[in-house]
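Biologist: Please take a close look at one part of this model, namely how its helices pack. I would also like the loops beside them.

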Amino acid sequence: MVETWQALVASITFVIVILAIMTEWIQLTVAALLGALVLVFSHIMSLTEAMNYIGNGYPTLALFFGVMVLVRAFESTHVFEYLATQMVIMANGEGKRLLLGIVAITAPICAILPNATTVMLLAPLMPTIASELEVDCVPLLVLLVFVANSAGLLTLVGDPATFIVGDAINISFIDYLQKLSLGGVVAIAAILVLLPILFRDIWKWRITDLTVLPHPKIHRPTVLALGGVVIALMLTCFVVGELFPVPITPAKAALMGAALALLIAHQSKLDTVHNILQDVDWSTLIFFMCTFVLIGGLEKTGVIGQLSQLLAVLIGKNIMLGAIVMVFVIGLLSSFVPNIPLVVAMVPLLKQYLVTTGLVVGPEVLSPTFTGEFPPEVLPLFYAMMYGATLGGNGTLVGASSNIVAAGIAEQHGQSISFQHFLKYSIPVTAVQLIVVAIYIFIRF
């Protein structure tokens, strides 16, 4: 009875927080903070447990904090204004070329680096580009996050959720490229098809006289060059750091990059440590902390597990129907629940479903250390989970960490990406993407 009551409170709290954000009745960070405190004050979890859930998300928080500090430390060199102007010039002042350029630059980077990291590196360019074109920066930021989230499907390491599921079924990097990468290409192609429709104002925009553009110059180029070395080292560690004899995780690399950036900025008198830390997007970081607590409440009270079991009932033994249903259901859930805790909860439950229904023989597959192969006929269920969890992040403003990061950067530049404004772009993009990957799964498998 107690567990039922707690599950009900955790569910209602989560729904109210989402509705408050959707209706913009309460600012999203405040809404998430109040929701997390409801769980603590109602004794669904202790403050220690809440801090533990935040602690479990330390890689995400450390990564975001580190990159935020690094980006802000070298802002005074005017590098973002310079790069933004160069992008407009390379696009020949045409909005169409600029939009296609954003896709072309973002997709390959996000195939290797975490999508939120890429957004943090590229998003500061968008307000400046928009200012030079005299257009709204919100569509540019929205396009950036759509491509970043979708490009995570191009490789096994492109998105944490994809890697978690891939690791659970022991798929190799090469196998992923052969079987699943095309699905990521299809998802990005869907965005390209929708560009002239959803971003028609910018698509048609053109500056005929490029001489009217400002031509900012790099301030303190020597200091920026040192910053470039730090960024190169950090990105290298992101890609191959965990292969070193002493592994360096992305979180460690980001924090070391931040520390070196602060050292360079302070010693060179480019900026003060106080100013840099003061401008870190603390609102976004606190939102993520509170989200971890809210999701922890759903996990602790068994709500996520019950939803997963309901999904198994709907699937039955029809693998192909199950895969199609999985794409859309996981896609919908991932629009509101961060995909990492979602797939962490779903993977063992999906394995249990396969054993219970006799689709997989032997309980050994339930072990996290299982290194064998699953029957090929059940793999489309896991593939569908990858696609749904990753693309569902495009569904709402709170669907993916990169979305929240972009909203925070927009707010720092005096703009606002509202929940409803985001839906104007996200509903058609997510719907089309989920449909085309469902078709891809049906045809390919």
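Modeller: What follows goes from the core to one helix, then to a helix pair, and then to some loops.

This is a predicted model, in which local features need pLDDT of at least 70 and side-chain atom pairs pLDDT 80 or more, while totals for chains, interfaces and linings use all residues. Residues are numbered from 1 along each chain as its sequence is written, and side-chain values use heavy atoms, without hydrogens or water.

The largest nonpolar core (buried Ala, Val, Leu, Ile, Met, Phe, Trp, Tyr and Cys joined through side-chain atoms within 4.5 Å) holds 159 residues, and I129 and F374 have the most contacts inside it. Helix α9, residues 138-151, gives the most to this core, with 11 residues. Helices here are DSSP runs of H or I with at least four residues, numbered from the N terminus. Leaving aside residues up to four places away in sequence, F374 is in contact (heavy atoms within 4.5 Å) with A168, I169, K351, L354, V360, V365, L379 and F382.

I129 is one of the buried residues of α8. Buried means under 20% relative accessible area, exposed over 50%, and partly exposed in between, with a 1.4 Å probe and protein chains only. In α8, 8 of the 9 residues are buried, so the helix is mostly covered by this definition. The buried set of α8 is L125, M126, P127, T128, I129, A130, E132 and L133. Their cover includes α5 (79-90), α6 (95-110), α7 (115-122) and α9.

Just after α8, E134 has a positive phi of about 60°. V135 then sits in the loop that joins α8 (125-133) to α9. With residues up to four places away left out, V135 touches A130, I202 and W205; A130 is itself buried in α8. V135 and G95 are 40 residues apart in sequence, yet their C-alpha atoms are 9.8 Å apart.

The helix pair is α19 (residues 319-334) and α23. Their axes (lines fitted to C-alpha atoms over the stretch in contact, with angles from 0 to 180 degrees between N-to-C directions) come within 10 Å and cross at roughly 160°. That makes α19 roughly antiparallel to α23, a term for angles over 145 degrees. The crossing is right-handed: the near helix is turned clockwise from the far one by less than a right angle. On the α19 side the contact is made by M320, A323, I324, V327, F328 and G331, and on the α23 side by L434, I435, V437, A438, I441 and F442. By class, 11 of these residues are nonpolar, 1 is polar and none is charged (Ala, Val, Leu, Ile, Met, Phe, Trp, Tyr, Cys and Pro count as nonpolar, Asp, Glu, Lys and Arg as charged, and the others, Gly among them, as polar).

S334 also belongs to α19, and its relative accessibility of 0% is why it counts as buried. S334 touches N339, L342, G388, A389, G392, G393 and G399, again without residues up to four places away in sequence. Another serine, S416, lies in the loop between α22 (401-412) and α23 (419-444). With a relative accessible area of 53%, S416 is exposed.

Two further loops hold a residue other than glycine with phi near 60°: N170 and K269. N170 lies between α10 (160-168) and α11 (173-179) and is partly exposed, at 31%. K269 lies between α15 (250-267) and α16 (273-278) and is exposed, at 70%.

Definitions and conventions. Helix = DSSP H or I, 4+ residues; strand = E, 2+ residues; numbered from the N terminus. Parallel < 35°, antiparallel > 145°, perpendicular 65-115°, else oblique.
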